[in-house]
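Reader: I have a protein open on my screen and I'm not sure how to start reading it. Could you walk me through it?

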Amino acid sequence: MKLIIQKNYDLMCEWAANHIIDAINSHKEKRPFVLGLPTGSSPLGVYKRFIIANKAGKVSFKNVVTFNMDEYVGLPRKHDQSYWYFMHENLFKHIDIPAENINILDGMAADLEEECANYEKKIASYGGIDLFLGGCGVDGHIAFNEPFTSLNSRTGIRDLTEDTRIVNSRFFGNDPTKVPAKALSVGVGTVTDSKVVLLLISGHNKARALKECVEGGVNQMWTISALNLHNDAIIACDETACGELQVNTYKYFRDIFKSERL
Ligand code: GLP
């Protein structure tokens, strides 16, 4: 696993956006480039750069198919905290992606299990995901795969922990009871089946998750740690997220990936 340490949030986003834009532009096959995407505050700087690059003609999303990581159960698309709404407001409505190329789990589906099974089938029908961009929760969850979710898990229904509902209540008037208790989420295995996984980790509140992932070994308490078993996994982080790393770990990654530093 690579750990690319950038000085601050903006440079982390710039590096990640450039990396993904390069991957899209160097994809010469006729089949679409399949991109997994997250919500949350972490990817916002990347999405802003996608929009700028798209408007400047430096990248096109016409041959990109997207699969979002997760969605709350019970929120209609037009709810301003649904992930469907978030993605359209912050990315899709500003770029040239065809609407039929956008895939987001439907948390209002009549049969949620069928919705999840069909999502996996649809990903497989494209030949899998080329690059999955993600963030991580304070407790090290990826997508909505809370601690103790199987590291082989597939897309399914997830119960959210009290901790996650408290963290996410900042978007629901600071009232954790207003945060849906369930979500649909791709599995840890769905993410790690992607050819490339690129996670963004920024800020003090993610420092423990980064430490557990990089230094703690693979374990089900920190589902992000599954990345260690992936052949092409990258974490792009900022300096503040490195606050809990051992000095030697920090120096090691700073040294071996210094050519990547912006
Ligand atoms: C939610 C999402 C995750 C995301 C996490 C972190 O829990 N389900 O996919 O990574 O939030 O969000 P943020 O980037 O706002 O810290």
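Author: What follows goes from the whole chain to a few of its residues. This is a predicted model, in which local features need pLDDT of at least 70 and side-chain atom pairs count only at pLDDT 80 or more, while totals for chains, interfaces and linings use all residues. Residues are numbered from 1 along each chain as its sequence is written, and side-chain values use heavy atoms, with hydrogens and water left out.

Reader: ok, how many helices and strands does the protein chain have?

Author: The protein chain has 8 helices and 10 strands, where helices (H or I, at least four residues) and strands (E, at least two) are DSSP runs numbered from the N terminus. Its radius of gyration, taken over C-alpha atoms, is 17 Å, close to the 18 Å that the globule rule (2.2 Å times the number of residues to the power 0.38) gives for 262 residues, so the chain is as compact as a globular protein of that length.

Reader: And what share of the 262 residues is buried?

Author: Buried residues make up 54% of the 262, and buried here means under 20% relative accessible area with a 1.4 Å probe, counting protein chains only.

Reader: which residues are buried in helix α3?

Author: In α3, which spans residues 83–90, the buried ones are Y83, W84, F86, M87 and H88. The elements that cover them include β2 (33–37), α2 (44–55) and α5 (162–168), where contact means heavy atoms within 4.5 Å.

Reader: What comes after α5, where is S169?

Author: S169 lies in the loop between α5 and β8 (182–185). It counts as buried, because its relative accessibility is 5%. Leaving aside neighbours within four places in sequence, S169 is in contact with N174, D175, P176 and V179.

Reader: switching topic, how many disulfides are there?

Author: A search of the whole structure finds 0 disulfides, a disulfide being a pair of cysteine sulfur atoms within 2.5 Å.

Reader: Why is there no bond between C237 and C242?

Author: The sulfur of C242 is the closest cysteine sulfur to that of C237, but the two are 3.7 Å apart, which is too far for a bond. For C213, the closest cysteine sulfur is in C136, at 7.8 Å, and that is also too far. C237 counts as buried, at 0% relative accessibility, and C213 counts as buried at 0% as well.

Notes:
Buried means under 20% relative accessible area, exposed over 50%, partly exposed in between (1.4 Å probe, protein chains only).
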